[in-house]
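Student: Could you take me through one part of this structure slowly, starting with the space enclosed inside it and then moving to what surrounds that space?

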Amino acid sequence: MSTRWVFHRYQQVGGTECHYEYQLEEIHKQLEQERRQRKEVERQNQQLQAELQALHRRQFKGRRAAAAASAECASTQRKKRGAPVGHPPWQRAQPTHIDQVVALPAPDACPDCNHPKLRPVAQLHEHLQEDIVLEPRTVVTSFRHQQAYCPQCDKNVWLPGPGEMPGAYIGPAAKATAAYLRYQLNVPDRKVSQFFSDFFGLKFVPASVFGFERQAVRRGLPLYEDLRQKIRALPVVHADETSWRHDGHQYWVWYAGDDDLAFYHLDEHRTAQAAQSVLGQRFAGTIVADAYASYKGVHPKDWQSCLAHIKTKAKELEQELALLKGRAADPKARLFCKDIQGFVHDACQAHRQLFKKPWRAKRAKNKARALRRQLRTLCQDPLRHAKAEAFRKRLLGPEQKHFFTCFRHRHVPPTNNQAERSLRPVVIMRKIVHGTRSIKGLENHSVLRSLFETARRQGKQPHRFFFDLLTKNTLEAQAALYRNNLGAKPQPPRRC
């Protein structure tokens with residue numbers, strides 16, 4: 001190998017040395033970036049798996065998991081379930097009247113040991129038993145009207161009798177009972193028809209139940225619109241919404257009301273326009289709801305954000321964080337979620353204690369300031385977990401001023417439990433009937449559900465009210481719906 005060739009080769013490769021070093025550095029940078037991306041993907045994958053597992057546990061909780069959860073709850077609860085020690089036992093009230101008396105002779109032999117030699121006793125043993133009387137029959141009434149000729153209408157006219165529905169072959173008692181079974185007990189139309197056929201021998205097709213509802217809706221629409229105006233005039237209203245299936249599409253059931261009134265509205269949208277159709281464009285009172293943005297469209301005078309939703313969100317986050325392991329685990333975020341749950345519990349307890357004592361605005365204001373400082377202290381440190389950090393920022397955001405509205409107004413509860421309980425019958429019916437198929441069906445559920453629930457809260461028997469609705473005019477039906485005083489004394493808020 002000659003020296004000239006070696007020198008020539010050295011000159012050829014001498015200039016590429018720096019280029020190779022630069023390429024090697026770029027490869028190392030790419031490897032490091034891919035390594036960081038792989039760790040981030042693994043962490044996100046672990047978080048998604050934890051979220052999926054937590055969601056699966058909430059929806060499909062097995063018997064062992066339910067038993068473990070109940071045992072854990074029993075071990076951590078502060079107050080023992082059941083009545084306190086020394087509380088008198090609950091007993092059924094004695095009947096106020098006796099319809100029939102059955103006299104029975106003394107036994108000839110002991111019913112327990114069959115001993116034949118029994119001695120007579122002068123003391124009587126009385127046993128009171130209440131039962132129902134079933135009369136499976138129908139009552140056919142023939143209304144025979146004396147007619148008079150009206151020259152202006154050019155026809156014979158007559159007056160309807162008591163309890164008569166002109167042109168109807170089935171009376172108001174049966175229709176009111178069918179509506180009661182449908183909207184108070186959530187019985188499907190086919191089973192309503194079967195019930196009347198089995199117990200009363202009154203046969204009609206299931207579609208007739210829908211016709212009964214349409215008759216009640218046509219008579220109840222003025223009361224429904226009047227109820228809407230009463231809801232908009234309330235000083236404090238609870239509001240919430242839940243999903244509904246209509247002809248295969250997603251609809252929403254909007255609720256607004258208090259302990260005396262209930263208003264339901266089924267709408268295609270979950271927007272501010274739907275909220276305005278219930279509460280109006282400018283609500284002059286205080287609304288108790290969650291943090292859903294659509295309620296901002298009604299421009300309420302004041303707003304109480306539901307603290308129970310905050311507690312539920314913190315509990316769900318804690319369950320997800322408990323499933324994370326390794327680098328994805330965040331003990332600080334998990335402790336933060338536990339602290340928020342305790343904070344909400346203490347806030348509800350403080351409001352309940354203020355309600356029991358004579359109300360003093362200054363004392364409630366000072367308590368709200370102390371709770372606000374406590375919340376800011378709990379949320380002062382940033383968290384590594386993304387969802388927990390977003391939740392922390394939410395608690396420090398503009399929504400925080402709505403957490404303590406219940407301390408400024410005496411009769412505003414800290415939670416929206418009243419609306420949640422009001423929507424529960426709707427959720428049960430949704431599972432049974434799987435939604436509606438026509439616009440008239442939506443109207444039926446809106447009007448009849450509102451009137452039924454309002455009648456129940458007014459202390460009326462719903463089936464009796466619907467009998468009056470089907471047989472009387474609008475003013476008489478409205479008088480049968482409401483009690484004399486709508487402004488009932490507010491009740492203490494429930495525990496969250």
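Tutor: By class, the residues that line the largest cavity of this predicted model are six nonpolar, one polar and one charged. They are Trp244, Val253, Tyr264, Leu266, Val426, Met429, His445 and Arg449, and the cavity that they line has a volume of about 60 Å³. In the structure as a whole there are two cavities of 30 Å³ or more. If you ask which elements give two or more residues to the lining of the largest cavity, the answer is strand 5 (262-267), helix 12 (417-433) and helix 13 (439-457).

Strand 5 leads us from the cavity to the sheet. The sheet is open and has five strands, which follow the order 5-4-3-6-7 with mixed pairing. Strand 5 and strand 7 (302-305) are the edge strands, and each of them pairs on one side only. When direction is ignored, neighbouring strands of this sheet are turned against each other by 25° on average. Helix 13, which you met in the lining of the largest cavity, packs on this sheet and touches strand 3, strand 4 (249-257) and strand 5, while its direction makes about 170° with that of strand 5.

Further along the order of the sheet, strand 3 (residues 236-246) and strand 6 (residues 286-289) run parallel and are joined by three bridges. To find one place where these strands meet, look at Val236, whose bridge partner in strand 6 is Thr286.

Now turn to a pair of helices. Two packed helices are described by the angle between their axes and by the distance between the axes. Helix 6 (residues 206-232) and helix 7 (residues 272-279) pack at an angle of about 100°, and their axes are 8 Å apart. Because of that angle, helix 6 is roughly perpendicular to helix 7. On the side of helix 6 the contact is made by Arg228, Ile231 and Arg232, and on the side of helix 7 by Gln276, Ser277, Val278 and Leu279. Sorted by class, this contact of helix 6 with helix 7 has three nonpolar, two polar and two charged residues.

Finally, there is an open space to consider, the second largest pocket, in which about 1200 Å³ of space lies. It is lined by 27 residues, and the closest to its centre are Val102, Leu104, His125, Glu126 and His127. By class, the lining of the second largest pocket has 16 nonpolar, six polar and five charged residues.

Conventions:
Residues are numbered from 1 along each chain as its sequence is written. This is a predicted model: local features need pLDDT of at least 70, side-chain atom pairs count only at pLDDT 80 or more; totals for chains, interfaces and linings use all residues. Side-chain values use heavy atoms; hydrogens and water are left out. Axes are lines fitted to C-alpha atoms, for helices over the stretch in contact, and angles run from 0 to 180 degrees between N-to-C directions. Helices (H or I, at least four residues) and strands (E, at least two) are DSSP runs, numbered from the N terminus. Angles under 35 degrees count as roughly parallel, over 145 as roughly antiparallel, 65 to 115 as roughly perpendicular and the rest as oblique. Contact means heavy atoms within 4.5 Å. Ala, Val, Leu, Ile, Met, Phe, Trp, Tyr, Cys and Pro count as nonpolar, Asp, Glu, Lys and Arg as charged, and the others, Gly among them, as polar. On a 1 Å grid over the protein atoms alone, a cavity is a set of points where a 1.4 Å probe fits but cannot get out, and a pocket is an open set with protein on both sides within 12 Å along at least five of seven lines; lining residues have an atom within 4 Å of a point. Grid points are joined across faces, edges and corners, and a volume is the space filled by probe spheres set on the points. Two strands pair if DSSP finds at least two bridges between them.
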